[in-house]
Amino acid sequence: MFTGKSLIRLLLALIISLPLAGMSWAAHINTSTHPQTKSKTPARKISESQRTRRRLHHLARSRSATLTHASASMRRHRYYERFHMSSFAEDIASGDLTAGEDPVVRQAAIDALGNMNGTVVAIEPTSGRVLAMVNQKLALSSGAQPCSTIKLSVALAALSEGLVSKETEVALGGRSRMNLTTALAHSNNAYFEALGRKLGFEKVAYYAHEYGLGELAGYDIPGEELGSYPDEAISEKLGGVGKMCSFGEGVSMTPLQLGAMVSAIANGGTLYYLQHPTTPDEVAGFQPRVKRQLDIAPLIPELSDGMAGAVQYGTARSLRVNFNEEEILGKTGTCSHDGTRFGWFASYANTSVGRVVVVVFLQGGRPTFGPKAAEIAGRMYRNMYDHNFFIATHGWPADAAAVKPVSTTP
């Protein structure tokens, strides 16, 4: 018989031995009943490895894209252009001499310009009379870089030299090609850089001077300053003659010089001295003064399609937001120099009773650009139209043959 102590020892021995036996039994069962376990493990490891590689690859691509975006942002930030001049100003017409101006045209220009920092010049192209000049201090200043409006001079030079016609396609690199009409309408820089390089600086400069750049545009207009045209091409580091022909780099042009050139295009080739009457007596005794005749009459149809295209579907189409009643032909320009942005638009209205040239020049910061100048011109044409300016009874000649010009020098 077992004593109490011996029975307790026996029970403890049985309790200790049972887990060991169970463990051995469980291990035996696992090994014998699931022989395929070892063969499945490598497959699972391979699948997990593939998923890991895909995740790492996706992470690497995401990180690369993030770094690329950050790098691009840094580059954009590095070349972010800052402007120090405001695009807006008050009392810009203060001090203007207005007694000899057309009151309808002047008021239309003032209303259209509003508080933009700029000037508006309106010219009768068949006589050279300045009908209105708002912000005369700026209009008569030494001018600014002409930006893409220089393309009018370059286009006329290339046409004069027989280098292109309006349909001639110019190779712009790769398979890209473009003709003059499209290049003017969309202000394509590469096209005019190509023309400039083919013409060379000597010819580009010769025609620019013929069209009045680098010389006073007015006849005895007090306060008029002279723009400038370089004696040689700018350095290749700055873009050479190509950049001169696409952006007007190195050139300073005044609103009056641009107005005189566009007036010659509008009237068929007569470059008038611009005159700004300041009293009613000067208006009554006004006599046109011819600076020189330009041999561009056969070229104007080649040029005008591009200028019309700029307004219809190109860079100046913002004009049509305000005015559609008459055909307007023009050219925009946008560029910046030393922290100031310039916005140009030169145009003329081609109506059945005569023509009027409008030049808008803006200076300032980011809100200033060529299409904004075109928009202002559109508002001005609208104002003149609504006040019956474009009618035969307005009192100005329908064509150049109706005036009696005086050929003279100041």
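## Helix packing and salt bridges

In H3, Val105, Ala108, Ala109, Asp111, Ala112 and Leu113 meet Ile376, Arg379, Met380, Asn383 and Met384 of H13. Sorted by class, this contact between H3 and H13 brings together 8 nonpolar, 1 polar and 2 charged residues. The model you are looking at is a predicted one. Besides this helix pair, the briefing covers salt bridges, of which the structure holds 12.

**How H3 and H13 cross**

- Helix H3 spans residues 103–113 and helix H13 spans residues 370–386; their axes come within 8 Å of each other.
- The two axes cross at roughly 140 degrees, and H3 and H13 are therefore oblique to each other.
- That label takes a moment's care, because only angles over 145 degrees count as roughly antiparallel.
- If you are checking the hand of the crossing on screen, H3 and H13 make a right-handed one.

**A salt bridge within H13**

- H13 also holds a salt bridge of its own, since Arg382 and Asp386 both belong to this helix, 4 residues apart.
- Arg382 pairs with Asp386 in this bridge, and their closest N and O atoms are 2.9 Å apart.
- The spacing of 4 residues means that about one helical turn separates Arg382 from Asp386.
- Asp386 is partly exposed, because its relative accessibility is 46%.

**A salt bridge within H7**

- Helix H7, residues 189–199, contains both Arg197 and Glu193.
- These two residues form a salt bridge, with 3.9 Å between the closest N and O atoms.
- Here too the partners sit 4 residues apart, about one turn of the helix.
- Arg197 and Glu193 fall into separate accessibility classes: Arg197 is exposed, with a relative accessible area of 53%, whereas Glu193 is buried, with a relative accessible area of 18%.
- Glu193 earns the buried label because its 18% falls under the 20% cut-off.

**Arg177 with Glu169**

- The side chains of Arg177 and Glu169 join in a salt bridge, at 3.7 Å from N to O.
- Arg177 is partly exposed, with a relative accessible area of 47%.
- Glu169 likewise counts as partly exposed, at 45% relative accessibility.

**A network of three residues**

- Asp96, Glu101 and Arg106 are worth picking out together, as a network of salt bridges links them.
- Arg106 falls within the span of H3, residues 103–113, so the helix that opened this briefing is a handy place to start when you look for the network.

Methods. Residues numbered from 1 in each chain as written. Predicted model: local features only at pLDDT ≥ 70, side-chain atom pairs only at ≥ 80, totals over all residues. Heavy atoms only, no water. Axes fitted to C-alpha atoms, helices over the stretch in contact; angles between N-to-C directions. Helix = DSSP H or I, 4+ residues; strand = E, 2+ residues; numbered from the N terminus. Parallel < 35°, antiparallel > 145°, perpendicular 65-115°, else oblique. Left-handed = near helix turned anticlockwise from the far one by under 90°. Contact = heavy atoms within 4.5 Å. Nonpolar A, V, L, I, M, F, W, Y, C, P; charged D, E, K, R; others polar. Salt bridge = Lys/Arg side-chain N within 4 Å of Asp/Glu carboxyl O. Buried < 20%, exposed > 50% of the residue type's maximum accessible area, 1.4 Å probe, protein only.
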